[in-house]
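Please walk through this protein with the model open beside you. The route starts at the surface, moves to the overall build and the interior, and ends with some backbone details.

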Amino acid sequence: TAAPSAPATAPASAAASAPPSAPASRPPEDETFVEGELANVGATSVAPWHNRIGVALGVERVGDIYYGAATPQANHSTRVDGRPLSLSFGVPLRFEIVDARPNERFDHAGQIRKEDWDRPGDYTRLIQRITYGGKEKHTYLNIDSASTTTLGHGALMRRYNPHLDLNANHVSAELDAFDDFGGGEFYLDDIAGPNIVGGLVFLKPLSAVDRSNSMLRSISLGFTLVADLDAPARMGLDFDDVDDDGRRESELEIDQETFEPTALETTALGWGADLEIKLVDRRILDWKTYVDWSFLTAGLPVERSLDIDPTHVETKEASAEGFTFGHLFRLNLGHAPVHALRIRVEYRNTAPNYQPGYFDLLYAVQRVHATGPAAEANSADSLANGTRLQRILGRDPDGDRVHGGYLEASWRMADHLALALGLEVNSRTPDDSLFLHLEVPHLGDWQFLTTYHHRQQASLADALTPTLGDTDFLVVTTRYAVWNWLHLRVDAATPFGIGPDSLFRSKLQTNLGVDLGWSY
C-alpha cells in the first residue's frame, strides 16, 4: 500500500482560513509559505516514487501464518488544471507458505489468503491512492488505504485510522473544497461500506465586507458532524463455542467466515461548533486562535447484562460535551530550503464522560473492546460491556469537570526531513497520550517513516514511559533504491487481529520485500 504524498491529516478549519486568491497582505516572497500538515503522522507506509510500473514482492506474517506477497502495481503523477494528481493502483495477493502451528504446517501452502477477498469491499483495495490538489489549496481529494484523518481542529476526530485491522481492508476517502466565503470537508472510512462518516462545513461571513483584510477574511464559523453508524454498545459472547475451542463466555463470539465480532449496535453521534480567527498573517508567523464546543451522544444499555438481543435490551440516551480553546502557530523560516514549523497548544474542559478526539487512532479496534488502565479484567461482563462507548460515555457524568491540555509540534525541511511530537494530558481520566514521529520523505535513494503512539495512559508519567501494548501503535517502514529497477523494503508495524482469546490484539510484524519496476 502507499501513503499519500500530501499528508491527509490537516485541520479543516485551518483550510478555512488559508489565504485565498483574492488580494492578501503577504508579500510576493510568501509563495514559499508551506501549508497543510508537515508530517504523515500515523500513516502506515511511505509514498511511492512517481511514474513507475512494477511488482512488490515480500514475505509477510499474519499471526502464526507466513505468506508470500506479490503486488503488481502502477504509480503515476501529473497535473490537471494546474493541480497535482497522483494515482497508485495495485493487486495485493498473499499466498500461504507455512503455518507455524504444529497441526497445520504446509496443509494450505500455496493457497491465496481468503480473508483478503471475502467481502465485496475488499476489492476496493485495488486502489492504493488517488490524490488530487492539496490541503489548504481550495480543492483536495484523497482516496487511500494507509493514511489518517483529522476533521477540524480534532475535537471529535483526530488522526482516525481505519486501516489497522488485519482482517478488514478499508479504502477511505476525504474531499475538501473552499473559497473566500466558505467550504467544507467530507469523510468516509470505507468507500465500499462506511461505518464512520463525518463532515465539516464553515462560513467566512466577513469576506463579503473586505476580502483584502486578512483578519476579516479569516473569521470562520464551523459545524462538525461525525457518526459511527454501527457502533458496538454490547458485544456477543461465544456461548455456543462457534470457534470450537472449548471456551464459551470467556471470549467474544467471532464470525468464523469474516472474523467480525457480533454486537448489539447503535449510532454514536458527535457534533460541534467552532469559531476561528487569524491574529497574525505573515510569512514568518501565521497565528490563529479557535474555540470548539463538541458533544457526543448514543444509546447505551440500561442494564449491564450479557444479552445482545436488541428486542430484550432497554437503552437510554447518554451524552457528554467538551470545550477546547486553542492556538495554532505556523512559522516559515528561510528559503531553499524552507524550514516550516507548526505548534498547536490547547486547553480543554470536558465532562468526565467525554474524550477529546473520541474518534482517534485506535478507535477502529477499540470500538469493539477498549483496553487500557480503565479496563477491568477479562471477565464475561468486561468482555460484553467493554466497548469504547461504554468505557467513555458510560462513565459517571456527574463528577468534577476534567481539565486538560494538548501540545503538538512539527518541523519540516523541504522534502528531506520531518519531525513531530504530541502530548495529551488531563486532570482525571486515563486518557494521557504521547506520540513521536520521524520521516524522511525523499533523500536521494532513501525513504523512511516511523510513528510511535502511546495512548490512553493513567498519568503523565505513564505516558512518558514507552511500552508496546494493546493501546500502542508503532510503524517503521523504509525503502532504498539499490538501482533504478530494484528497491529494498523493510516494514515493521503493530496492526490488530483477533487473538486466541477472540479479542483484538496488536501484533508486531516485520516484513521484508523488494520492489521490481521501471520508471518512466
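Strand β19, residues 472-483, supplies the largest share of a nonpolar patch, with three residues. The model is a predicted one. The patch lies on the surface and is formed by Leu443, Trp446, Tyr480, Val482, Trp483, Trp485, Leu488 and Trp518. Together these residues have about 870 Å² of accessible area. Leu488 sits in strand β20, which covers residues 486-493. Is Leu488 buried, partly exposed or exposed? Its relative accessible area is 40%, so Leu488 counts as partly exposed. That value falls between the 20% limit for buried and the 50% limit for exposed.

Now take in the whole protein. Its secondary structure comprises six helices and 23 strands. How does the radius of gyration compare with the globule rule? The radius is 23 Å, and the rule gives 24 Å for 520 residues. The two are close, so the protein is as compact as a globular protein of that length. Along the principal axes, the C-alpha atoms fill a box of roughly 70 × 65 × 40 Å.

Contacts and surface add to this picture. Take the contacts with a separation of 6 or more: 66% of them link residues 24 or more positions apart. Of the 520 residues, 56% count as buried. The accessible surface comes to about 20,900 Å². Carbon and sulfur atoms account for 62% of that surface.

Next, go inside. In soluble globular proteins, nonpolar side chains tend to be buried together. Here the largest nonpolar core has 22 residues. Met157, Leu389 and Leu393 touch the most other members of this core. At least two residues of the core come from each of β10 (220-235), β12 (286-301), β13 (315-333) and α5 (388-392). Strand β12 gives the most, with three residues.

Leu389 is a good residue to select. Leaving aside residues up to four places away in sequence, Leu389 touches Ala231, Pro232, Thr266, Ala268, Ala298, Leu300, Tyr358 and Gly394. There is also a second, separate core, which has 19 residues. Its members include Leu164, Ile254, Leu361 and Phe496.

Move on to strand β2, residues 65-80, where Thr71 lies. Is Thr71 buried or exposed? Its relative accessibility is 13%, so Thr71 counts as buried. Which residues does Thr71 touch, not counting those up to four places away in sequence? They are Gly54, Val55, Ala56, Gly90, Val91, Pro92, Leu93 and Gln128.

Asp81 is in the loop between β2 and β3 (83-90). Its phi is near 55 degrees, a positive value in a residue other than glycine. At 64% relative accessibility, Asp81 counts as exposed.

Last comes the loop between β13 and β14, where Ala336 is placed. Pro337 is found in the loop between β13 and β14 (339-350). What kind of peptide bond joins Ala336 and Pro337? The bond is cis, with omega at about 5 degrees. Ala336 has a phi near 50 degrees, a positive value in a residue other than glycine. Its relative accessibility is 77%, so Ala336 counts as exposed.

Technical notes. Residues are numbered from 1 along each chain as its sequence is written. This is a predicted model: local features need pLDDT of at least 70, side-chain atom pairs count only at pLDDT 80 or more; totals for chains, interfaces and linings use all residues. Side-chain values use heavy atoms; hydrogens and water are left out. Patches are made of residues with over 30% relative accessible area and no salt bridge: like charges are joined within 9 Å, nonpolar side chains (Val, Leu, Ile, Met, Phe, Trp, Tyr) within 5 Å. Accessible areas come from the Shrake-Rupley method with a 1.4 Å probe; for residues, only the protein chains shown count as cover. A salt bridge is a side-chain nitrogen of Lys or Arg within 4 Å of a carboxyl oxygen of Asp or Glu. Helices (H or I, at least four residues) and strands (E, at least two) are DSSP runs, numbered from the N terminus. Buried means under 20% relative accessible area, exposed over 50%, partly exposed in between (1.4 Å probe, protein chains only). The radius of gyration is taken over C-alpha atoms; the globule rule is 2.2 Å times the number of residues to the power 0.38. Contact means heavy atoms within 4.5 Å. A nonpolar core is a set of buried Ala, Val, Leu, Ile, Met, Phe, Trp, Tyr and Cys residues joined through side-chain atoms within 4.5 Å.
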